[in-house]
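Subject: Structure handover

Hello,

The structure is pasted below, and my notes on it follow. Please read them with the model open.

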2 protein chains.
Amino acid sequence: MRWQVHSEKSVYLDPWLDVRIADVELPDGRHIDHRLIRTAPGAGAVVTDADDRVLLIWRHRFITDSWGWEIPLGQVDDGEPPIAAAAREVEEETGWRPGPLRPLLAVQPGNGFSDGLNHVYRADSAVHVGPPAHPWEAERVEWVPFATVRKLVATGDIVCGTSISALLHTLVESLPEAVPPQGPELSFLYDYDPGRVYPLPGNLPDLL
Amino acid sequence: MRWQVHSEKSVYLDPWLDVRIADVELPDGRHIDHRLIRTAPGAGAVVTDADDRVLLIWRHRFITDSWGWEIPLGQVDDGEPPIAAAAREVEEETGWRPGPLRPLLAVQPGNGFSDGLNHVYRADSAVHVGPPAHPWEAERVEWVPFATVRKLVATGDIVCGTSISALLHTLVESLPEAVPPQGPELSFLYDYDPGRVYPLPGNLPDLL
């Protein structure tokens, strides 16, 4: 079921963020004042080499005060194709120009409160063109053995959601086909009952 | 290298979002006005059963106008332990009470602009306690064969970053140990050069 949006108004606006309150009607007719943030899409890439290594940056994030390995990723400029933005961001942040890019996946980092959408591409080669143009983003740029990625996720050394999604999807893509599911496909299913009235916890939307 | 934060001021504040501008000093001494959003942490769970199925909800997100399978996930209440929030959210959104939970991973959904942190747990059983208390969140609640998860990610039917991260991590955890990396561990590494001046693209922080 869809929530009906009757109106949206900006409560804070700058060139990076448009914070809004939406008048949202739930299926049972009740209204909530839902917060949302509109922001530019992002683009980045999983770049690997012939030795099964992946190009990552090690950086500190001041907002979360945490360190982690990340794929190169940045904002798509106005009018820029996401694939071009991905190539540009890889080169700016790492100093390596990726080979041909193909779409890998799209990730909504926080679809409960933001319309952010990260387009992630895949390249299996790169050439070194010089030092990073945006070196303040990365403490280190490194070719990391792909076989260590699952351990780096497990230990919390990769914590950025889009990086985890993109790297683990790349890993899983390389595996043999999954075994077809056994047994019954569905054991239990709820469908929303439009005739029932469900209690709402006040007028508080959950942003997740 | 760390960015030095000299000050933060709220530019928009409500019970869900604290939008701020931070005066951030880059390693070369230049300042940028960086935007950031402080918000509550989230908690959720990957719940599986003995038939290798996973408990997912199928929902529409009005902010992105898109449908997708997601793990149950919601905001942690003030003072609530994240593991208790995860159990509560699973039950509210699905009508199933999860068995014992263990930590799976923590995900920062958008660490370039938000301090959001999602704590994800894992349970390998659940008991049915009734219809969902928050049925307006899900169009359908379903036990989905785990073997189809990789395909659902590949087709874009799972697009929520935290759900992709948590589900693929669960899948990868079940695989045999990775082959230890071959060849040289590192082929190339930049370290930030504090003596060099790198051009900044105006006073524009990139929020990714």
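Chain A overall

Among contacts in chain A (heavy atoms within 4.5 Å) between residues at least 6 apart in sequence, 60% join residues at least 24 apart. Chain A has 208 residues, and 57% of them are buried; buried means under 20% relative accessible area, exposed over 50%, and partly exposed in between, with a 1.4 Å probe and protein chains only. The exposed area of chain A is about 8,400 Å², of which carbon and sulfur atoms supply 54%. That area comes from the Shrake-Rupley method with a 1.4 Å probe.

This is a predicted model, in which local features need pLDDT of at least 70 and side-chain atom pairs count only at pLDDT 80 or more, while totals for chains, interfaces and linings use all residues; side-chain values use heavy atoms, with hydrogens and water left out. Residues are numbered from 1 along each chain as its sequence is written, and chains are lettered from A and ligands numbered from 1 in the order in which they are written.

The four-stranded sheet

There are 3 helices and 13 strands in chain A. Helices (H or I, at least four residues) and strands (E, at least two) are DSSP runs, numbered from the N terminus. Four of the strands make an open sheet with mixed pairing, in the order S7-S4-S10-S9 of chain A; two strands pair if DSSP finds at least two bridges between them. At the edges are strand S7 (73–75) and strand S9 (102–107) of chain A, each pairing on one side only. From one strand to the next the twist averages 25 degrees.

Strand S4 (residues 42–47) and strand S10 (residues 118–123) of chain A run parallel and are joined by 6 bridges. Within this pair, A:Gly44 stands opposite A:Val120 in S10(A). Helix H1 (residues 82–94) of chain A packs on the sheet and touches S4, S7 and S10 of chain A. The direction of H1(A) makes about 65 degrees with that of S4(A). Axes are lines fitted to C-alpha atoms, for helices over the stretch in contact, and angles run from 0 to 180 degrees between N-to-C directions. Helix H3 (residues 161–173) of chain A lies across S4, S7, S9 and S10 of chain A, at about 130 degrees to S9(A).

The second copy

How does chain B relate to chain A? A turn of 180 degrees with a shift of 0.0 Å along the axis lays chain B on chain A with an RMSD of 0.0 Å. The two copies are therefore related as by a two-fold rotation axis. Copies are superposed by least squares on the C-alpha atoms of residues with pLDDT of at least 70 in both. The copies meet through the same surface, because 100% of the interface residues of chain B are also interface residues in chain A.

In chain B, strand S1 (residues 4–13) and strand S2 (residues 18–25) pair in the antiparallel sense over 8 bridges. S1(B) and S2(B) form a hairpin with 4 residues between them, and B:Gln4 has B:Glu25 in S2(B) as its bridge partner.

In H1(B), the buried residues include B:Ala85, B:Ala86 and B:Val90. B:Gly95 follows H1(B) and has a positive phi, near 85 degrees.

Regards
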